Each structure stands twice: as C-alpha cells, then as structure tokens.
Amino acid sequence: MTTTSFYPERVEAVRRHAADDDTAALVAELAEIARLNGGHWGYDGRAVTDVLDGLPTDRRIRLATALVDRLEAGDPDDGTSLDTLLTILVRHLRAVVPVADARRLLGYAARQWTWWPADELGGLARVVHDADGTLPGQLVAVLRRTLLDVYDSGAVLQDLVREVREPLLNPGEAWADRVLAELPGLGAGWPELVAHTLTATAARPTAKWERQAGTLLDRVGRDAYRDVALGWLSLVGRPRTAPLRPAAFGYDISQAYDPYNATALRGLLWLLALAGADDAGATRELGRLVETSLRKVPGLGPRSPKVANAAVHALSRLDGEHALAQLARLTARITYKGTLKELNAALDRRATALGLSRAEVEELAVPAYGLTEVGRRVETLGDATAELVVEAGGVALRWRNAAGRPVRTVPAAVRRDHADELRELKAAVKDVDKMLAAQAERLDRHFLAQRCWRFAAWRARYLDHPLVGTLGRRLIWLVDGVPCGFAEGALRTVDGAAVAPGDDAEVRLWHPIGRAVAEVLAWREWLERHAVVQPFKQAHREVYLLTAAEERTGVYSNRFAAHVLRQHQFHALAAVRGWRNRLRLMVDDTYPPASRELPEWGLRAEYWVEGAGDEYGTDTTEAGAYLRLVTDQVRFYPLAAPENNAHAGGGGYEQWVRPGADPVAPLPLEQIPPLVFSEVMRDVDLFVGVASVGNDPTWQDGGPAGRYREYWHSYGFGELSGTAETRRDLLVRLVPRLAIADRCQVEGRFLLVRGDLRSYQIHLGSGNILMSPNDEYLCIVPQQSVAVGTGDVFLPFEGDRMLGVILSKALLLARDTEITDPTILAQLRRR
C-alpha cells in the first residue's frame with residue numbers, strides 16, 4: 001500500500017490524536033491503519049510508528065495497555081493483528097514499565113507462539129520475575145519457544161530462560177499437562193528422569209546419556225516407567241489444551257508440537273527402548289507416534305520428524321517380533337524421506353543380523369495377531385464369543401451371546417467383566433487393519449521387484465499365513481509358469497483344475513503384460529465367478545504399450561503432457577507410489593523432475609513438471625508453493641545418470657554434469673522392458689487421473705480468471721486414459737447386473753443414465769456429468785471423507801474410488817425424482 005492511497009490523512013490524524021492525548025481515538029485510528037496495511041508497519045508505516053516512538057514513556061505505556069485491551073476484545077473490525085505495533089511500542093521500555101503494566105503486557109504475550117523482538121520480551125519478563133520471584137507457566141513456554149525460534153534472541157532472554165526451571169515442561173499440550181500433574185505424586189527419581197529427557201538434544205543417544213538414563217530408570221523401576229510413560233505418550237498429537245492466538249501468516253499452531261517439549265519426547269522414547277518395552281502395546285504406541293509425528297500441518301510440513309525418528313530408533317533397539325513387525329509396516333507406509341531412511345537402515349541392520357535378505361525379513365516380520373486360521377480369530381469371553389474376521393471389505397469384529405445368537409454390539413457382561421481383553425481385541429482389529437494396508441502396498445511393489453519364491457516358503461508366507469493369506473488367496477500366481485488362483489480350498493488353474501506342485505516349484509506374481517488377451521479375460525471371469533475381490537488391480541491392471549507417437553519421438557513420451565495438476569495432491573501421491581519429488585515454490589530456483597528409481601532394472605524414470613501461473617497468492621499458497629503444476633514428458637535414464645534440473649517456473653530441463661564430463665542421453669523407449677514401461681506409465685496415469693483439475697466438478701468456471709476452462713472441459717469430457725478404459729470395460733460387464741440396468745448403458749466415453757426428470761452422461765474418466773437438453777453441466781461433489789456407496793454391486797478389485805463415484809452418481813440420477821439435495825435440485829429444475 002502506498003502513501004498516496006491513505007497515509008497523508010491517516011498520519012495527520014495520528015499526529016492530532018497523539019497531540020490531544022486522546023488514547024481511545026488514537027487506538028481506533030491505528031486499528032484502521034492495521035486493517036488497511038495488513039499489519040505491516042515498515043517502510044511507509046514508519047510515518048506512523050515514528051510518531052508513536054516519540055511519545056513520552058508514560059504515554060507509550062498507556063497506549064500499549066489500551067492496545068492490549070483492544071486485542072483481548074478481539075474486535076472483528078481490526079481485520080488483522082496489532083501485535084507488531086504493540087511490539088514497536090514496548091521495544092524501548094523494558095525496566096521503566098510498571099510491574100502491573102508489565103504483567104498485563106506479558107499476559108497477552110503468553111497467548112502467542114513466539115514473540116519478537118525477543119530481548120524486549122525478556123526485559124519485560126525480568127521485571128515481573130524480579131518482583132514476583134516466578135513467572136506463569138504459559139509465559140515461560142513462550143520464552144522458551146522464542147529462544148529456540150529466534151536467530152538472535154539476545155542475552156537478556158537467554159539468561160532468564162536458563163534461570164527459570166519451572167515448570168519442567170511447557171504446559172499447553174495434553175501429554176505435557178499430564179506429566180506435570182502426575183510428577184509430584186510419582187515419588188523420588190521421577191523429576192530427575194524427566195529432566196534428563198530434556199538433554200536429548202542429539203540425533204542419537206550418546207553412551208554417557210544412556211548410562212545416566214539407565215541409572216535413573218533403575219531408581220524408578222523399568223516396568224513402572226513403561227506403564228507410566230505409555231500413558232503419557234498416548235496423549236501425544238492431540239490438539240493443544242491451551243489455545244494460542246493464530247499468527248497472521250504461518251501454520252496452524254494448535255496442531256504443531258511444542259519444540260521445547262519435543263526434545264523431552266525424544267528422550268522419553270529413548271528411555272522406552274532402554275526399559276526393554278518390546279510388548280505389543282508399547283511397540284504399537286511407538287508405531288503410532290511415528291505416523292502422528294509425521295502428519296503434515298499446512299504451512300509447516302511434518303509435525304516433528306525428530307520425534308518420529310526417535311520412535312524409529314526405539315523400535316530398532318528392541319529385538320522382539322512386535323518391534324520388527326512395526327518397522328516392516330512403517331516402511332511400507334511412511335513416505336517422509338528422512339524417517340524412511342531411518343526405517344530402511346533399521347530393517348537392513350536386522351536383516352544382516354539374521355542372515356536374511358531384506359525382502360525375507362519383511363515377509364517374516366508379519367505377525368499373526370492371534371489369528372488361528374487364515375483371516376479368522378475366535379475368542380471366548382465369559383459366555384460370549386468374539387470372532388475377528390478379515391474380509392475383502394476390511395476387518396470385522398462379530399459377537400455371539402451366551403445362546404449363540406449373533407448380536408450387533410458388545411455384550412454388557414463382556415464390557416463389565418472382561419474390559420482388558422476387550423481393549424486388547426479392539427486394538428488387534430486396528431493393528432490388523434493397518435498391517436493389511438501395508439502388506440497390500442508391499443505386494444503391489446512386487447510387480448517391479450520381480451520377487452521369486454520356492455513353493456514351500458511361499459505357501460507358508462503368502463498362502464497359509466493367517467494374515468497375509470487373506471491377500472495372497474485373492475491374487476493370481478505363476479507356479480512353475482502355470483497361472484493359478486485359490487478357490488474351494490486349493491490352488492486351481494483358470495479352468496478349475498487343482499494344482500499340487502512340489503516344494504521346489506518356482507512361484508511369481510502374475511502380471512497381465514505379455515499374456516494373451518484370452519487368458520486375461522478368462523481370469524477376469526474367474527474372479528467374478530468365484531466372487532474374489534483383489535486387494536489391488538491385477539487381472540484388471542492397465543497395460544501400457546508403446547504407441548506409434550512414442551516410437552516416433554524415440555526417447556520420450558508425451559502421452560501425459562500438457563495436464564494441469566494440483567501440486568500438493570500430486571506430491572503426496574508420488575510419495576506413496578515411491579517417486580521422489582520436491583514441492584516447487586515460486587522462487588528463483590531450480591528443481592529436479594519427479595523421478596522413480598528402479599534399482600532392480602538399473603533405470604530411473606522421470607516425469608517433467610513445472611509450476612503453473614505467475615501470480616503470487618493466486619497461483620501459490622501463503623508459503624509461496626505453487627498450487628498447480630503443468631506436466632510434460634516422461635523419460636528414462638540409466639540409474640547413475642546425472643540429474644536433470646529446470647527452473648521452478650519452467651524453461652526446459654538440462655543436466656548438471658561435472659567439468660569434463662558429458663551429459664547422459666535418455667534411453668530409447670523401445671529399450672525399456674515392457675513391464676517397467678507399463679508400470680511407470682500406469683503411475684503417471686494415476687497422478688493425472690487423481691490430481692488433475694479436470695476431474696474437479698467445481699472447476700467448470702476454469703479456475704483463476706477462467707484460464708483453465710478449455711483444459712477442464714477437454715479433460716473432463718475428452719478421450720479416456722488407460723485407467724478409464726479399464727473402468728469402461730468393467731462397467732460394460734457390471735451395468736447389466738445393476739438394479740437400474742434398464743436405465744443405464746455404456747456408450748463411448750460415458751455411462752448414460754435415464755432419469756425421470758432428465759437424461760445424463762457420466763464421463764468415465766472424470767466422473768463429470770452432462771444432462772439433457774443441450775449437454776448442460778451438472779455439478780455433484782462427492783464427500784471426500786465419506787466412503788462412496790455402490791449398493792450391492794460386486795467390484796472385482798479395491799482402490800478405484802472414481803469407479804465408486806460413477807456408480808453412486810448413476811444410482812442417484814436414475815431415481816432423480818427422489819433427490820432431496822437443494823443444490824442438485826436447483827440445477828435439475830433450471831431450464
């Protein structure tokens with residue numbers, strides 16, 4: 001904002017109110033200026049702040065107090081915070097502020113995450129500390145966080161923080177509040193033990209740190225520490241108990257970890273490993289902490305990688321099967337690079353110690369969770385019976401009463417007399433559900449890993465394993481080259497013949513590439529005939545072969561170029577699929593393309609992308625990250641080839657090579673093994689299919705200034721991708737079985753639905769809808785947090801949410817006279 005827009009008259013008003021000693025009018029004028037300038041008091045704002053700095057000390061103190069009153073009132077007309085202006089007023093005051101006023105100013109400061117300038121905060125806090133002999137816990141927390149956050153915090157603040165020892169932890173987090181509440185009643189040794197956790201400032205515990213920790217653990221009792229600490233740790237990750245004022249710019253501090261307390265958390269986790277807590281409950285909590293600590297906060301990123309890494313370290317120090325199972329599960333689920341590196345190193349060390357390959361350790365690490373047969377566990381609790389069942393739809397816990405009749409809820413007698421067993425059983429359900437998801441992802445990676453087993457080992461680990469067997473029995477395998485599936489208690493060919501191979505027979509995971517079309521179709525029919533729901537696409541897996549256009553371009557594919565993707569969604573999905581990617585900021589910097597390393601094949605795949613747009617704020621987040629990307633070529637390079645880089649906003653990729661070295665050319669696509677090419681292109685198709693702005697039903701206006709309207713329409717109603725073609729083929733078979741079959745048919749790129757009010761065309765790629773007459777657009781937004789319902793329709797694989805969206809829209813629109821949603825009705829009635 002320039003001075004010509006409002007400052008001449010505003011500055012004159014500030015001078016007039018200051019001269020008249022009219023504090024109320026001055027505060028109102030300053031609040032209006034703060035609203036107009038967005039809280040930025042530098043540059044042109046100096047015309048105002050110089051006037052305030054020139055006020056006598058007593059007047060500045062009164063003005064600061066009045067500003068605190070205004071801030072505490074939370075006047076919505078302020079528009080933005082006056083915090084910075086308050087800081088400017090008190091920066092020269094320090095010890096001349098009366099104690100009563102200092103308490104009020106610090107009371108406001110105690111509701112902040114940090115405060116700048118730090119030394120001025122320390123000076124005011126020193127006034128109160130010297131007068132009262134203590135400081136409020138919330139204020140101490142601000143002092144500590146400020147000291148950790150500010151580069152040049154000043155000697156005053158540093159000396160005060162070193163002097164103030166209470167509270168031991170920063171209050172305001174549920175787990176820290178519990179520690180502070182329980183610590184006085186735990187007895188001797190506990191305060192010293194918790195104080196020792198605050199010295200866990202290194203990435204790894206030193207030998208000296210562990211010796212001291214061991215002595216302190218022996219004093220309080222290792223079993224006692226385990227029980228108490230797990231109670232504390234179970235509260236980590238909950239929202240703050242003491243709300244703080246949100247910053248004008250920045251992240252959601254209510255979801256962030258207090259950085260001072262995070263050091264203590266790291267120490268508590270190291271202690272848990274030293275205490276030898278290798279039972280299911282302790283390792284389950286460690287695994288939860290890894291995931292909770294890596295949960296992303298917008299504007300911040302992962303909450304606390306150092307806490308996540310400490311939990312991984314603790315798991316790596318425990319030798320039992322429960323810790324190994326958590327490490328294996330987390331390796332398949334975690335995408336944050338630093339923590340994933342720690343997990344991989346821990347599993348590699350365990351594999352070396354056991355004399356096994358890494359893959360074998362991951363297979364052997366899967367526990368049975370009490371399942372006594374494939375997918376089933378039965379527990380008798382008093383007169384009631386609980387059955388834990390693993391099915392295609394997930395994990396279910398079913399109950400029977402004393403009479404043997406099924407009941408929907410947990411019997412009252414079980415809740416009353418078997419609370420501990422019930423708690424363990426419910427925890428097992430959650431553990432099984434998490435491990436199933438991790439194992440499905442691990443199995444999906446086997447297509448490119450080309451894993452091979454001897455039949456006896458494979459049968460124990462994949463067919464008859466109580467948990468993994470629920471996945472393995474829903475997949476197709478090659479046994480000595482013969483495709484087999486599990487049905488009616490045995491391995492069978494597609495024709496139903498039982499297969500009984502020897503223990504040394506070779507087993508691989510079947511992939512449709514290179515198989516005859518008739519064979520692939522036969523297996524699809526086999527899945528439907530036996531009602532087998534595969535954990536991921538296998539028989540229906542998309543196959544991508546070289547096109548004529550790719551044969552002409554030779555070394556790159558443009559098949560998925562010129563798309564507009566939501567960057568953050570693309571980034572998250574790329575990590576899940578094993579691609580390396582960096583979020584692009586609108587800065588003068590270079591970035592490598594999204595890439596996936598394929599060490600088994602000596603290759604690296606690259607997907608070239610660049611930032612879309614050039615308007616900061618419109619095309620970026622507040623932190624400056626591009627909201628959208630534009631896509632370009634897919635290329636393949638030798639694994640060791642130099643990395644390509646391009647400017648964040650585009651301009652072409654080029655390799656950075658050492659002086660005297662030559663660039664490495666991309667490999668001809670015809671030299672890429674068909675399986676590798678197909679799986680990489682399938683990933684890229686997935687990125688586009690999920691992250692494209694074209695499948696967002698709310699983007700019919702084309703986004704900012706309508707600039708993507710043409711792309712949105714061409715994608716949302718255009719030619720089908722490989723994934724959408726697979727969806728189309730399946731729908732051709734499914735539609736005749738629908739309850740609304742007489743109202744639906746697949747035609748070209750659309751599922752046509754006849755309602756009573758209108759007729760509809762649902763695009764099989766984007767799920768977007770056109771309705772008669774005149775192909776008018778119909779916007780129906782599925783809820784992301786709610787599972788998409790498809791009625792009793794049998795789907796032969798899991799994981800295609802868009803297929804569920806299309807079917808649910810068809811079921812809705814076929815009975816359009818029963819629709820009650822006012823937003824949809826308004827569109828249907830518009831003519």
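**Figure 1. The whole protein chain agrees with the expectation for a compact globule.** With 831 residues, a compact globule would have a radius of gyration near 28 Å, and the protein chain comes in at 32 Å, which agrees. What you see here is a predicted model. Along the principal axes, the C-alpha atoms fill a box of roughly 95 × 75 × 70 Å. If you would like to find your way by secondary structure, the protein chain offers 31 helices and 23 strands.

**Figure 2. Inside and outside of the protein chain.** Buried residues account for 52% of the 831 residues. Counting contacts with a separation of 6 or more, 68% join residues 24 or more positions apart. On the outside, about 37000 Å² is exposed, and 52% of that comes from carbon and sulfur atoms.

**Figure 3. Charged side chains of the protein chain.** Here we meet 100 positive and 109 negative side chains. The centres of these two sets lie 3 Å apart.

**Figure 4. Strand β14, largely enclosed by the rest of the structure.** This view takes us to residues 594-598, which make up β14. Four of its five residues are buried, so the strand is largely enclosed by its surroundings in the structure.

**Figure 5. A hairpin made by β14 and β15.** Strand β15 covers residues 603-611 and pairs with β14 in the antiparallel sense, over five bridges. One bridge to look for joins leucine 598 to its partner in β15, leucine 603. Four residues sit between the two strands, and in the turn glycine 602 has a positive phi of about 65°.

Technical notes. Residues numbered from 1 in each chain as written. Predicted model: local features only at pLDDT ≥ 70, side-chain atom pairs only at ≥ 80, totals over all residues. Heavy atoms only, no water. Rg over C-alpha atoms; globule rule 2.2 N^0.38 Å. Buried < 20%, exposed > 50% of the residue type's maximum accessible area, 1.4 Å probe, protein only. Contact = heavy atoms within 4.5 Å. Areas by Shrake-Rupley, 256 points an atom, 1.4 Å probe, with all protein chains shown as cover. Lys, Arg positive; Asp, Glu negative; His and termini not counted. Charge placed at Lys NZ, Arg CZ, Asp CG, Glu CD. Pairing = 2+ DSSP bridges.
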